[in-house]
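This report is written for a reader who is meeting the structure for the first time. It begins with an internal space, turns to the fold as a whole, and then looks at a few single residues.

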Amino acid sequence: RVRGGDEALGRGEGRKGGRRRCDAVCVRGSSVTMARHSSYNETEAKIVCGASMLPFRTACKGPVNSAKVGAFEGDGEDVIDEAVKFYRANVLFRNYELQGGADRIIIYLTLYVSACLAKIEKCASPKDAEKALQTMAMEAFALPGQHGFPFNGFFDKPEAPAEGDDFKAYFRQLREETGLRVIKVAFTPQGKPNKFWVCFAKRKFMNTVLA
């Protein structure tokens, strides 16, 4: 049974001395699916509005690869890789319990991937999709505490304008890079939308969508 209400998506972010393996369970037929969480929840990082400013691989302009956040090091998965990989499991959930600042990136990007897939569903080619997603990434979007932000109550409102600016710059870069990565998985080698991805476009993670 999936837990509901604020208990299921709250500010509890793990126990000292160890992480909880799973916080929500989705039972579908005879199978049981567990919500996926970021492996970066305990990684030290600057926090903006409750979210960790983690580095990730990107050539897009923004605070990542600058002195503000730094560059991603190593050959492992970054937080965007996790969000895309976990997407088709996590999007099925109506509740999700946060384990740290990295999970705030996961939940935001889960909604954003759905928005990307909705755009891709209408695109004839990866090139068309790239243009559409680039435009969407650069559009104005609500910040925590503002009307239209999907997870008010689970992100912190900026304490100062500078924190809001940092959030906006970091999440715009996240949006742009995530769009590029979704294109890679959401199209077939023949350049057609992949039905095994675009079929999730209308799913509502946590029963909400990006405004």
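In this predicted model, the search for enclosed space gives a count of one cavity of 30 Å³ or more. The space in this largest cavity comes to about 40 Å³, and its lining is made up of Glu130, Leu133, Gln134, Glu176, Gly179, Leu180 and Ile183. Two elements, α3 (126–138) and α4 (161–186), each give two or more residues to that lining, and the largest share, four residues, comes from α4. By chemical character, the lining residues divide into three nonpolar, two polar and two charged.

**The fold as a whole**

The protein has five helices and four strands, and along the sequence these elements follow the pattern β-β-β-β-α-α-α-α-α. Of the 211 residues in the protein, 49% are buried. Among the contacts with a separation of 6 or more, residues 24 or more positions apart account for 70%. The protein exposes about 10,900 Å², of which carbon and sulfur atoms supply 50%.

**Single residues**

The table below sets out the accessibility of four residues that are discussed in the text.

| Residue | Relative accessibility | Class |
|---|---|---|
| Thr58 | 16% | buried |
| Cys116 | 0% | buried |
| Cys49 | 0% | buried |
| Asn65 | 45% | partly exposed |

Where in the protein is Cys116 placed? Cys116 belongs to helix α2, which covers residues 101–120, and with a relative accessible area of 0% it is buried, because buried means under 20% relative accessible area. When residues up to four places away in sequence are not counted, Cys116 touches Leu133, Met136, Gly179 and Val182. Leu133 and Gly179 are also named in the lining of the largest cavity. The C-alpha atom of Cys116 is separated by 9.4 Å from that of Ala137, a residue 21 residues apart from it along the chain.

Thr58 is placed in the loop between β4 (51–52) and α1 (79–90). Its relative accessible area of 16% falls under the 20% cut-off, and therefore Thr58 counts as buried. The side chain of Thr58 reaches the backbone nitrogen of Cys60 at 2.9 Å. Leaving aside residues up to four places away in sequence, Thr58 touches Val64, Asn65, Gln173 and Glu177.

Asn65, which is one of the residues touched by Thr58, lies in that loop between β4 and α1 as well. At 45% relative accessibility, Asn65 is partly exposed, because this class takes in values between the 20% limit for buried and the 50% limit for exposed.

**Backbone angles**

Most residues other than glycine have a negative phi. Against that background, which sign does the phi of Asn65 have? Asn65 is not a glycine, and yet its phi is positive, at about 75°. Cys49, likewise a residue other than glycine, has a positive phi near 55°. Cys49 is found in the loop between β3 (47–48) and β4, where its 0% relative accessibility makes it count as buried.

Definitions and conventions
Residues are numbered from 1 along each chain as its sequence is written. This is a predicted model: local features need pLDDT of at least 70, side-chain atom pairs count only at pLDDT 80 or more; totals for chains, interfaces and linings use all residues. Side-chain values use heavy atoms; hydrogens and water are left out. On a 1 Å grid over the protein atoms alone, a cavity is a set of points where a 1.4 Å probe fits but cannot get out, and a pocket is an open set with protein on both sides within 12 Å along at least five of seven lines; lining residues have an atom within 4 Å of a point. Grid points are joined across faces, edges and corners, and a volume is the space filled by probe spheres set on the points. Ala, Val, Leu, Ile, Met, Phe, Trp, Tyr, Cys and Pro count as nonpolar, Asp, Glu, Lys and Arg as charged, and the others, Gly among them, as polar. Buried means under 20% relative accessible area, exposed over 50%, partly exposed in between (1.4 Å probe, protein chains only). A polar contact is a pair of N or O atoms within 3.5 Å; within protein, one must be able to donate a hydrogen and the other to accept it, and residues adjacent in sequence count only if both atoms are side-chain atoms. Contact means heavy atoms within 4.5 Å. Accessible areas come from the Shrake-Rupley method with a 1.4 Å probe; for residues, only the protein chains shown count as cover.
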